[in-house]
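Me: I am new to reading protein models, and I would like a close look at a single part of this one. Please take me through it slowly, in connected sentences.

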Amino acid sequence: MGSDRSFGLVIATAIAILSMLPVRHGEAPSFWGLAAAIAFAAAAFLAPDRLRPLNRLWFKLGGALHKITNPIIMGVLFFGVILPIAMLFRLRGADPLKLSFDKNATSYWTMRDAADAAGDMSKQF
């Protein structure tokens with residue numbers, strides 16, 4: 001959980017930006033929103049400990065949203081990106097990490113070419 005002062009300043013900034021959005025359409029800004037932004041900023045500077053309950057509530061809301069959105073996003077990434085790529089590799093018979101077992105191999109050591117010797121890590125810095 002962040003500090004109460006930074007929470008108040010972030011919320012004040014967000015409310016101020018949202019209050020100024022009607023200006024883009026030629027309308028007057030929301031004065032109630034600007035007043036709330038000034039109140040949050042004043043509380044952040046003068047009495048940040050008064051913002052602690054709201055900060056905790058905001059933190060708990062973020063945790064609850066994390067529990068809902070994180071599995072959804074990870075599922076979409078897995079089933080939408082990783083699984084199709086893995087299936088294509090499987091269908092093509094690709095083994096990019098060369099993990100297949102070979103009974104006839106005496107060693108799985110990969111010999112380097114002479115061209116790779118220039119990057120031998122002797123002068124790293």
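What is the handedness of the crossing of H1 and H2, left-handed or right-handed?

Reply: Please keep in mind throughout that this is a predicted model. The crossing of H1 and H2 is left-handed, and a good way to understand that crossing is to begin with the two helices themselves. Two packed helices are described by the angle between their axes and by the distance between those axes. Here helix H1 covers residues 4-20 and helix H2 covers residues 31-46, and their axes come within 8 Å and cross at roughly 165 degrees. Angles over 145 degrees count as roughly antiparallel, and H1 and H2 are therefore roughly antiparallel to each other.

The contact itself is made from both sides: H1 brings Arg 5, Gly 8, Leu 9, Ile 11, Ala 12, Ile 15, Ala 16, Ser 19 and Met 20, while H2 brings Gly 33, Leu 34, Ala 36, Ala 37, Phe 40, Ala 41, Ala 44 and Phe 45. Sorted by character, the residues of this contact divide into 13 nonpolar, three polar and one charged.

One residue of this contact, Ala 37, deserves a slower look. Ala 37 is found in helix H2, and, leaving aside residues up to four places away in sequence, Ala 37 touches Ala 12, Ile 15 and Ala 16. Its relative accessible area is 6%, and because buried means under 20%, Ala 37 is buried. Ala 37 and Thr 13 are 24 residues apart in sequence, and yet their C-alpha atoms are 6.8 Å apart in space.

From there we can turn to the largest nonpolar core, which has six residues in all, namely Phe 7, Ile 11, Ala 12, Phe 40, Ala 44 and Leu 51. In soluble globular proteins, nonpolar side chains tend to be buried together. The elements that give two or more residues to this core are H1 and H2, and H1 gives the most, with three residues. As for Leu 51, if residues up to four places away in sequence are not counted, this residue touches Asp 4, Phe 7, Gly 8, Phe 40, Ala 43 and Ala 44.

Ala 43, which Leu 51 touches, also offers a useful contrast to the pair of Ala 37 and Thr 13. The C-alpha atoms of Leu 83 and Ala 43, which are 40 residues apart along the chain, are separated by 50 Å. Leu 83 is found in helix H3, and with a relative accessible area of 31% Leu 83 is partly exposed, whereas Ala 37 is buried.

Note on methods: Residues numbered from 1 in each chain as written. Predicted model: local features only at pLDDT ≥ 70, side-chain atom pairs only at ≥ 80, totals over all residues. Heavy atoms only, no water. Axes fitted to C-alpha atoms, helices over the stretch in contact; angles between N-to-C directions. Helix = DSSP H or I, 4+ residues; strand = E, 2+ residues; numbered from the N terminus. Parallel < 35°, antiparallel > 145°, perpendicular 65-115°, else oblique. Left-handed = near helix turned anticlockwise from the far one by under 90°. Contact = heavy atoms within 4.5 Å. Nonpolar A, V, L, I, M, F, W, Y, C, P; charged D, E, K, R; others polar. Core = buried A, V, L, I, M, F, W, Y, C linked by side-chain atoms within 4.5 Å. Buried < 20%, exposed > 50% of the residue type's maximum accessible area, 1.4 Å probe, protein only.
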